[in-house]
Amino acid sequence: MTLLSAVSESINLLSAPNHFFWSNPIFEKELWEWITKGIRIGLAMVGALLIILDLRARRMGVRVSQRWKRRIAWIFTVVAFLVYFDFFNPNTRYSEYYHRHEFYHYYLGSKYFKEVNYTRLYECTAIAEIEAGRGASIRNREIRDLRVNLIKPMTDTYIFKDPGQCKNHFTTERWDAFKRDVEWFQRSSAGSYWEGMSKDHGYNPPPVWTMTGKFFGSFGEASDKFFKILAGIDVVLHAAIIWLFYWAFGWRVMAVAAVFWGTQAPADFYWTGGAFLRQDWLFFLVAAVCCARKRHFWLAGFALTWSMLLRIFPGVFVIGWAIIIGLTVLERLRFPHRIGNDKAWGPLRWIHPDHRKVIGGCVLALATLVPASIAVAGPSAYKDFYNHTLTTHSNTPLTNHMGLPAMLVHNWEGRMRFGRDDNLNDPFQDWKKGRLERMD
């Protein structure tokens with residue numbers, strides 16, 4: 001934990017809200033956001049211009065100092081890395097750097113997964129609050145029932161009538177630890193911010209992510225310092241991604257990749273910053289590409305499969321490899337003489353040796369990570385993940401759903417702004433009903 005502790009201390013120093021450095025008016029939220037937007041635009045435009053000039057110079061035979069090009073590339077890389085994190089300015093995003101709403105779900109959800117599973121996090125939290133003496137204050141609150149993905153009054157759930165539906169999954173020691181962690185979140189997030197956490201959509205990662213989240217989360221109880229360490233993992237992973245590009249492709253590709261990621265909008269720091277292991281899938285996806293580039297095909301297959309098991313959607317990248325492998329098999333079947341001295345057993349002869357290594361890495365990852373995640377998360381973890389995340393969530397209309405089905409069922413009258421009714425327990429209930437009716 002030495003490296004992560006060092007990152008945590010650096011974040012603590014950089015993000016101290018009352019630090020004299022950050023009290024300068026230039027770092028105030030509104031002005032600093034305009035400055036960082038300008039830096040992003042400048043990095044993208046000047047970087048593109050430098051690439052064009054470099055290509056033009058090559059065609060014209062004009063020599064440009066490699067030393068200066070490398071220096072500029074490293075400067076762009078460092079600035080792009082820092083601008084992605086808003087230069088760790090505590091005035092722009094989260095004053096303590098980490099995102100409490102994020103950690104409530106992913107720290108508690110993974111650390112106590114065997115007890116709360118995918119559906120009991122909010123109810124167990126409410127019961128812990130009742131035992132802390134806040135029963136009267138939460139009686140009139142609302143909570144999302146994760147079994148059906150609808151917001152309900154607290155009194156319509158089992159938390160007051162039958163708390164054993166939650167507590168029976170805990171040992172005495174684990175329940176006491178859970179209550180201490182919940183108490184920290186309540187103290188640090190009291191008010192509407194805290195009350196809104198139990199109206200979100202719960203804990204939803206696949207079992208392999210649960211395995212790694214539980215591993216890191218179990219090193220300590222909820223605290224400001226510990227969460228800064230956990231949030232620092234993504235900073236380390238981000239730096240490692242940049243290094244991987246440098247290792248596999250050189251400084252030129254490294255700089256382009258860093259500038260692209262540092263200036264893009266869809267996944268900027270607002271969405272993924274201060275989080276708990278949000279960059280793990282990206283790290284392994286990039287590692288797969290870079291290992292393939294360096295011809296470490298076993299590692300490439302293993303890394304790509306690990307990325308897929310962490311977030312599911314990186315599995316799309318398997319299609320590209322599958323097409324290449326399929327075309328190579330067809331070519332070997334049509335022209336057997338091209339196989340040469342390949343002495344592989346039976347049908348394996350039709351698969352290129354490099355492709356066999358990729359497949360072997362994929363199989364090895366599945367054979368190790370899936371059983372390990374079952375051992376950590378429980379024998380029904382994958383079934384529960386499918387039923388909750390891929391069935392319940394997929395069949396529940398959400399305002400951030402994307403893709404062809406969402407486009408086909410959308411119309412002007414069915415927009416969320418027209419269907420929302422704040423007089424209902426779940427303001428989006430009528431909007432969801434209309435979306436489902438159009439989908440049928």
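Buried means under 20% relative accessible area, exposed over 50%, and partly exposed in between, with a 1.4 Å probe and protein chains only. The structure is a predicted model, in which local features need pLDDT of at least 70, side-chain atom pairs count only at pLDDT 80 or more, and totals for chains, interfaces and linings use all residues. Residues are numbered from 1 along each chain as its sequence is written, and side-chain values use heavy atoms, leaving out hydrogens and water.

**Exercise 1. Determine how strands β1 and β2 are joined, and place Asp145 and Arg147 with respect to burial and pairing.**

Solution.
1. Helices (H or I, at least four residues) and strands (E, at least two) are DSSP runs, numbered from the N terminus. Two strands pair if DSSP finds at least two bridges between them.
2. Strand β1 covers residues 142–145 and strand β2 residues 150–153; the two run antiparallel and are joined by four bridges.
3. Within this pairing, Ile143 stands opposite Lys152 in β2.
4. The hairpin has four residues between the strands, and Asn149 adopts a positive phi near 65°.
5. A salt bridge requires a side-chain nitrogen of Lys or Arg within 4 Å of a carboxyl oxygen of Asp or Glu. Arg147 and Asp145 form one, with their closest N and O atoms 3.8 Å apart.
6. Asp145 has a relative accessible area of 10% and is therefore buried; Arg147, at 38%, counts as partly exposed.

**Exercise 2. Analyse the salt bridge of Arg40 with Asp86 and that of Glu131 with Lys167.**

Solution.
1. Side chains of opposite charge can pair when their charged atoms come close.
2. For Arg40 and Asp86, the closest N and O atoms are 3.1 Å apart. This pair links distant parts of the chain, 46 residues apart: Arg40 belongs to helix α2, and Asp86 to the loop between α3 (66–84) and α4 (100–111).
3. Arg40 is buried because its relative accessible area is 14%; Asp86 is buried at 2%.
4. For Glu131 and Lys167, the closest N and O atoms are 2.6 Å apart. Glu131 lies in helix α6 (residues 121–138) and Lys167 in helix α7 (residues 164–167), 36 residues apart.
5. Glu131 is partly exposed at 37%, as is Lys167 at 29%.

**Exercise 3. State how many salt bridges the count gives, and describe the chain as a whole.**

Solution.
1. The count comes to 21 salt bridges. One network links Asp54, Arg58, Lys69 and Arg252.
2. The chain contains 21 helices and two strands.
3. Of its 440 residues, 46% count as buried.
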